[in-house]
Amino acid sequence: MVDNEPNLEERLQEEPSRDNFSQNTYFSSGNPTTYLRKHRERIKNYFIDIAASITFYTPIMAPMEYFIADMSGEEVLKSRSSAIGIAFLAARPNGIFREWWARKWNATPESSHTKKFLVDASSLVVFQIPTYTTILTLSGASLSEIIVALPIGIAIGATFGRPYGYYLD
């Protein structure tokens with residue numbers, strides 16, 4: 001054995017020390033407490049984004065779908081149910097995208113109201129087009145109903161982007 005080589009057999013039999021544990025790359029900070037705190041924060045943000053998406057948009061979109069897009073009550077119920085299911089998949093990615101989009105535009109809490117409105121509105125529109133199209137399709141809306149509901153939904157998303165941003169913040 002070369003003098004500078006570690007004895008791997010001895011190292012494998014050693015009890016894991018605090019130093020070995022803290023060097024585990026699974027914990028990015030090297031501190032399991034910090035890792036758990038970050039993990040809890042991620043889970044909290046996930047559920048906040050889901051709850052915000054559902055509670056903010058359901059009372060806005062349901063009447064629009066029923067009265068303006070002329071969707072039946074059953075279709076609106078399916079649409080809102082689909083939206084709840086999709087919120088579990090898309091709400092947090094939407095929140096992450098919104099945060100990334102704000103950084104890309106250098107929007108901070110100190111930015112002007114106009115800049116924050118433009119960032120929130122545009123991020124919501126970019127993310128909502130495929131999401132809302134999926135919701136309408138899953139609800140059984142006809143092509144003519146989708147053609148009416150989608151542009152109105154996008155306009156609502158753009159208009160309510162900043163209020164939704166306040167709601168999330």
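**Note on the aromatic pairs**

1. Twelve aromatic pairs are counted in this predicted model. The points below take up pairs that involve Phe56, then the cluster around them, and then a charge over a ring.

2. Phe56 and Tyr57 make an edge-to-face pair, with 4.9 Å from centre to centre and 75° between the planes. The angle is over 60 degrees, so the pair is classed as edge-to-face rather than tilted. Phe56 has a relative accessibility of 13% and is therefore buried. Tyr57 also counts as buried, because its relative accessible area of 10% is under 20%.

3. Phe56 pairs with Tyr167 as well; here the rings are tilted, the centres lie 5.3 Å apart and the planes meet at 45°. This contact links distant parts of the chain: Phe56 belongs to helix H3 (residues 32-68) and Tyr167 to helix H7 (residues 161-168), with the two 111 residues apart. Tyr167 has a relative accessibility of 44% and is partly exposed, whereas Phe56 is buried at 13%.

4. Which residues form one aromatic cluster with Phe56 and Tyr57? They are Phe160, Tyr164 and Tyr167. The cluster thus contains both partners of the H3 to H7 pair, Phe56 and Tyr167.

5. A charge-over-ring contact is found at Tyr166: the charged end of Arg162 sits over that ring, 3.9 Å from its centre.

Terms used:
Residues numbered from 1 in each chain as written. Predicted model: local features only at pLDDT ≥ 70, side-chain atom pairs only at ≥ 80, totals over all residues. Heavy atoms only, no water. Phe/Tyr/Trp six-rings, centres within 6.5 Å; stacked < 30°, edge-to-face > 60°. Buried < 20%, exposed > 50% of the residue type's maximum accessible area, 1.4 Å probe, protein only. Helix = DSSP H or I, 4+ residues; strand = E, 2+ residues; numbered from the N terminus. Lys NZ or Arg CZ within 6 Å of the ring centre and 35° of its normal.
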